Amino acid sequence: MSSVFAPGQRWISDAEQDLGLGLVLAADLRSVTLFFPAADETRCYSTQHAPLTRLLFAEGDVIESHAGWRLQVDDLKEIDGHVIYIGETEDGDWRELPEAQLSHRLRLQQAKDRLLTGQVDRNSWFNLRYLTLSQQERLHQSPVRGLRAPRVDLIAHQMYIAHEVGKRFAPRVLLADEVGLGKTIEAGLILQQQRIQGRCQRALILVPEPLLHQWLVELMRRFNLHFSLLDDAHCEALEEEDPSLNPFEQSQLVICALDWLIDDPERLQQAESATWDMLIVDEAHHLRWTPDYASPEYLGVQSLAEHSRGVLLLTATPEQLGIESHFARLRLLDPARYTDLERFRAEEADYQSIAQAVRALLEGQNLSAQDQALLQAKIHSDDSQELLATLCHPETSAEQKQSARTQLIEHLLDRYGTGRVLFRNRRAHVQGFAGRTLLTYPQSMPSAYQEVLHQLAQDETAQELVDDACKASWPLNAAYPERLYSLLQAEEAEPWWQFDPRLNWLLDFLLQEQDEKVLVICAHAQTAIDLTEALRILGGLYVPVFHEGMSIIERDSAAAWFADDEGAPALICSEIGSEGRNFQFARHLVLFDLPLHPDQLEQRIGRLDRIGQKHQIQVHIPYLQASWQHALLTWYDQGLACIRQPSAAAATLWHRYFATFCQRQERAQALDVFLQEVAQAREHLTEELDQGRNTLLELSSNRSHLAQPLLAALAAEDKDPELREYLELAFDVFGVDSDDLDEHSLHVRPGKEMQADAFANIRHDEEGFSLTLSRQQALAREDLQFVTWEHPLIENFMERTSSTQMGNSAVATLKNPKIPAGTLLVELIYRVACSAPKALNIENFLPPTGIRLLLDTQGRNLAASVSFKGLSRQLEWVKKSVAREVVKMRAPILRELIEQGDKLAQAEMPTLVEKAQTQMHQQLEQEIARLHALQQINTCIREEEVQVLKIRQQALAEALNQTQVHLDAIRVIVAA
Ligand SMILES: Nc1ncnc2c1ncn2[C@@H]1O[C@H](COP(=O)(O)OP(=O)(O)OP(=O)(O)O)[C@@H](O)[C@H]1O
């Protein structure tokens with residue numbers, strides 16, 4: 001076939017393949033001119049050195065005319081150097097197609113076309129392509145998918161929750177670990193997994209305004225997630241550009257303050273109409289609900305939750321506003337499961353027997369008759385009864401028993417406890433906390449306070465006056481005498497801090513602990529402001545303050561100054577500093593006063609007593625003797641016992657006894673006997689909770705036998721040498737320069753020919769960026785990016801490699817003395833893929849899968865005995881001109897081998913599809929069975945919900961049946 005240029009011929013530019021198919025316009029001895037219609041470009045080359053390859057098809061190829069019809073080539077003829085293809089069209093007609101009329105959009109993406117027309121890439125590109133496919137297959141199937149990349153320590157209970165919830169379709173859960181155990185981290189891990197699995201593109205996070213910045217920073221530095229913060233200024237700026245746009249639709253990831261959103265109905269409506277894949281609400285205990293009253297916060301979140309597939313509510317103190325609000329929050333998550341408050345109360349009371357049944361299953365190798373009777377009575381659904389029968393049958397194998405036991409436990413937790421929607425871990429079961437010490441400092445009651453209290457006790461009008469300003473009503477606000485004094489005294493009167501002995505104590509304490517960080521919390525903003533002023537005037541101490549009257553920026557800079565090693569040794573916070581903030585670098589906490597609710601107290605202590613705290617926490621409480629503060633101290637310490645450790649019973653006891661406590665205190669009755677009664681009730685309730693609800697919650701919140709393999713898998717990934725190898729290969733292919741900094745870290749920067757998108761979505765400057773592959777180093781060094789298989793750098797490499805043709809055709813020589821020169825091998829990589837609507841998430845069942853074949857000229861497949869890596873090591877590159885010559889000479893056998901490879905790959909496909917089908921049916925049938933079982937105890941579960949699952953199951957089955965396998969890459973290997 002002529003390779004001399006002639007008008008009408010089709011050629012491809014080796015250097016600029018994106019130009020598409022070129023058409024020779026003119027040619028003479030010296031130059032040739034080509035027009036590339038797809039790119040609308042004309043190029044002129046020297047005929048001697050034109051980097052061009054003639055495009056020629058052969059028998060069996062399917063080609064397309066530029067009028068759009070297709071032809072399967074049967075034969076071809078050449079007239080004046082111009083080829084005419086002859087073959088059968090899709091309609092069964094025989095036609096001729098001159099090459100000049102080939103579709104100019106015809107792109108040589110397919111490996112076979114590219115190889116046979118001499119378009120070969122570097123060997124390293126082929127290697128990267130294959131490694132990318134095999135890593136993608138592994139990563140998709142890995143149980144730790146989506147958990148690798150966050151810059152976090154591997155903590156069992158967090159990883160368990162993240163994995164359990166993150167793998168769900170549209171997860172809706174309440175994350176209620178005790179204060180400081182990492183709910184923010186868990187939420188981030190869940191979000192990250194959902195994003196990596198393609199299940200979440202749009203997320204909205206609602207947090208109390210003081211925590212906005214902290215969330216933004218945590219999301220960025222730990223999860224590499226860049227959220228847009230929406231507030232008035234930002235929304236108005238967007239609307240100025242285009243008043244018709246919805247600010248909530250301008251970013252995929254949005255964070256804003258809950259109160260800001262709720263206070264503005266228009267903004268709320270915009271947020272609702274933007275629809276979300278995931279809604280996250282922090283400090284969700286603020287969503288107040290009772291049968292007679294739903295707060296605006298509750299109603300706002302309820303309507304947003306209806307517009308979001310997934311919902312995560314976060315609170316360390318779910319029962320702070322009582323069981324009704326707790327129930328109502330669960331209902332936001334699963335309206336079908338939580339329909340009736342009274343039944344929920346009854347269920348809570350019944351948890352003890354469920355817990356007993358679960359314990360029997362956990363402990364008993366063989367169930368006793370009593371345990372069996374208990375389980376019989378508890379489980380109603382057919383699937384659970386079947387499992388119980390399997391478990392009790394004498395011929396069941398040990399393995400079957402174990403599986404039945406595990407599934408039964410799941411059923412009990414899901415159907416009778418709050419296990420599926422509520423996760424709560426307690427400090428007592430998480431290692432690494434050094435505990436708390438309580439130090440109290442009695443001070444005498446100043447007479448000025450006594451007078452004010454006496455006056456208020458007599459004067460109802462004055463009581464009403466101070467109630468509003470104190471955020472608590474008389475006589476409870478007697479717990480804050482400095483506020484009462486300030487509100488009632490004349491302006492010229494001496495300020496309270498001149499005579500309040502707590503102030504002198506604080507001053508001495510801060511002077512004495514100047515080398516330590518001390519957090520001071522008090523209930524009111526004005527008290528915090530007065531304290532800073534007093535410390536400055538009385539002791540010359542400049543201590544930053546943090547309260548609700550300051551702007552976000554002012555607050556964040558005060559917190560940052562305190563957090564800085566060289567910064568302020570103390571920070572004075574009003575109550576808003578007691579929520580969500582991370583102050584675990586300090587170990588001294590001064591409670592200048594005590595709050596009125598034990599959950600609020602726990603929130604305060606939780607600023608220091610949280611993950612990352614390395615010391616025992618010293619809780620210092622200066623109090624005025626014979627005051628309400630004194631009474632609150634004994635109530636919390638001796639009655640509820642919730643200062644020295646968190647107490648699961650505290651909130652319930654508070655609801656039960658607080659009114660009596662207040663009455664006794666008001667009447668100045670002795671508290672000793674009463675507190676003994678409370679202490680007894682506490683012991684009883686704690687035991688009951690431990691036997692019942694807490695056991696269930698703990699079991700479902702941290703299942704160690706599931707968490708440990710996850711931690712082990714993540715730890716192994718952290719040491720995976722293949723990551724470094726992959727990176728080095730990708731750097732070479734993509735033109736990225738790198739320098740080692742130390743054993744684990746390196747600096748990368750754009751090389752002269754770096755492909756433009758290699759650093760997309762990564763923070764970097766002209767000099768590139770530094771990265772580490774070590775988790776420990778990443779935790780210690782914020783300046784290094786933590787690169788794992790799920791970092792954007794690797795994602796960019798993978799995406800670019802698999803979505804383009806790069807590396808899908810290569811030629812190499814094999815240097816192995818045992819193999820005779822001239823031996824031909826063909827390495828064929830097939831990709832099994834199933835195209836389906838994104839929402840079906842078909843990749844969960846059938847991930848991108850590669851089939852590697854290594855064929856000799858007899859058509860034998862040697863792949864099993866010759867590994868990819870082993871072979872690659874023995875290969876050497878060949879010049880492009882030589883490669884083309886090899887392909888040209890061996891074209892007929894190559895075609896035969898490709899045909900043979902196609903058949904072999906096709907033969908492997910049914911097994912893969914069958915496996916995916918089985919897995920899919922098992923999973924969906926389990927879901928359907930769960931809904932049927934729930935229907936038996938809850939009539940509100942509609943049949944439509946079951947139908948949705950069935951339709952999904954059918955759609956997945958049909959899509960999987962359309963799975964195809966195609967040749968993704970081919971390498972010709974010739975022994976030298
Ligand atoms: N796995 C982890 N690796 C590193 N740091 C962590 C990890 N988990 C939690 N932390 C740190 O511990 C602190 C507490 O975590 P986080 O803020 O998520 O807890 P929380 O349960 O949301 O707290 P709160 O109840 O106060 O809202 C934070 O400083 C967080 O960065």
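1. Let's start at the strands. S25 (residues 736-740) and S26 (residues 745-750) run antiparallel, with 5 bridges joining them. The connection from S25 to S26 is a hairpin through 4 residues. If you want a spot to begin looking, valine 736 stands opposite proline 750 in S26. Bear in mind throughout that this is a predicted model.

2. On to the rings. There are 28 aromatic pairs in the structure. One of them is tyrosine 449 with tyrosine 485, an edge-to-face pair with centres 6.1 Å apart and 65 degrees between the planes. It counts as edge-to-face because that angle is over 60 degrees. This pair links distant parts of the chain: tyrosine 449 belongs to helix H16 (residues 447-458) and tyrosine 485 to helix H18 (residues 481-488), with the two residues 36 apart.

3. Are those two tyrosines buried or exposed? Tyrosine 449 has 1% relative accessibility, so it counts as buried. Tyrosine 485 is buried too, at a relative accessible area of 6%. The cut-off for buried is under 20%.

4. Now for a stacked example. Phenylalanine 658 and phenylalanine 661 pair at 5.7 Å centre to centre, with 25 degrees between their planes. Stacked is the right label because the angle is under 30 degrees. Both residues lie in helix H24 (residues 650-666), and they are 3 residues apart, about one turn of the helix. Phenylalanine 658 and phenylalanine 661 are both buried.

5. That stacked pair has company. Phe658 and Phe661 belong to a cluster linked by ring pairs, together with Trp628, Trp635, Trp654, Tyr657 and Phe674. Worth pulling up on screen as a group.

6. Two arginines deserve a look as well. Arginine 95 lies over the face of tryptophan 69, at 3.8 Å from the ring centre. For arginine 202, the charged end sits over the ring of tryptophan 276, 4.1 Å from its centre.

7. Last, a geometry check on helix H12 (residues 351-363). What span should its 13 residues have? At 1.5 Å a residue the expected value is 18 Å, and the end C-alpha atoms are 18 Å apart, so the two agree. If you redo the sum, the 1.5 Å is multiplied by one less than the number of residues.

8. And which residues of H12 are buried? They are Tyr351, Ser353, Ile354, Ala355, Ala357, Val358, Ala360 and Leu361.

Conventions: Residues numbered from 1 in each chain as written. Predicted model: local features only at pLDDT ≥ 70, side-chain atom pairs only at ≥ 80, totals over all residues. Heavy atoms only, no water. Buried < 20%, exposed > 50% of the residue type's maximum accessible area, 1.4 Å probe, protein only. Phe/Tyr/Trp six-rings, centres within 6.5 Å; stacked < 30°, edge-to-face > 60°. Lys NZ or Arg CZ within 6 Å of the ring centre and 35° of its normal. Pairing = 2+ DSSP bridges.
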